Amino acid sequence: ADSIFCPLLRGVVGWSYRMVEVIAAGCIPVFIVDYTVAPFEMLLDYNLFSITLKESNWKKLEEVLLSYEEEELQRMQVVLLKVRNMFLWANERKEHQQLTPSVDE
């Protein structure tokens with residue numbers, strides 16, 4: 001994907017299925033939400049591969065995203081690729097593994 005960031009607005013439970021699509025695409029999720037309980041939250045540190053912005057601060061979105069250094073974004077993308085399989089069905093995992101270079105280096 002050409003996009004580095006993919007903004008995600010609050011869904012019914014604070015997140016939506018679009019989050020899975022964003023993660024599968026290798027795009028850094030940008031949650032615009034005041035509070036949510038994300039899938040696998042007890043297993044994953046979302047701060048390592050996503051960004052959360054309070055709904056009241058949505059107008060600062062561009063400023064916040066531009067504040068990230070390239071090196072930090074690359075680290076987030078590496079973690080994102082490592083956790084992505086937790087969000088995919090078995091047949092999707094095979095497809096993405098064939099398209100994505102290894103991040104175990």
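Here are a few questions and answers about the nonpolar cores and the disulfide of this predicted model.

Q: Which helix supplies the largest share of the largest nonpolar core?
A: Happy to walk through this one: the core has 16 residues, and those with the most contacts inside it include Met-19, Ile-23 and Phe-87. Strand E1 (5-9), helix H1 (18-24) and helix H3 (70-83) each give at least two residues to this core. The largest share is four residues, and the helix that supplies them is H1.

Q: How many residues are in the other core, which lies apart from the largest one?
A: This second core includes Ile-32, Leu-53, Leu-65 and Met-76. Its total number of residues is 10.

Q: Which aromatic-named residues, Phe or Tyr, does Phe-87 touch?
A: Leave out residues up to four places away in sequence, and Phe-87 touches Met-19, Val-20, Ile-23, Pro-39 and Leu-44, among others. What remains of that list is the Phe and Tyr pair: Phe-40 and Tyr-46.

Q: How far apart are the sulfur atoms of Cys-6 and Cys-27?
A: A search of the whole structure turns up one disulfide. A pair of cysteine sulfur atoms counts as a disulfide when within 2.5 Å. Cys-6 and Cys-27 form such a link, with their sulfur atoms separated by 2.1 Å.

Q: What is the handedness of the link of Cys-6 and Cys-27, and what is the angle about the S-S bond?
A: Both Cys-6 and Cys-27 are buried. The link they form is right-handed, and the angle about the S-S bond is 105°.

Q: How many residues apart in sequence are the parts that this disulfide ties together?
A: Cys-6 lies in strand E1, while Cys-27 sits in the loop between H1 and strand E2 (28-32). The pair therefore ties together parts whose separation in sequence is 21 residues.

Notes:
Residues numbered from 1 in each chain as written. Predicted model: local features only at pLDDT ≥ 70, side-chain atom pairs only at ≥ 80, totals over all residues. Heavy atoms only, no water. Core = buried A, V, L, I, M, F, W, Y, C linked by side-chain atoms within 4.5 Å. Buried < 20%, exposed > 50% of the residue type's maximum accessible area, 1.4 Å probe, protein only. Contact = heavy atoms within 4.5 Å.
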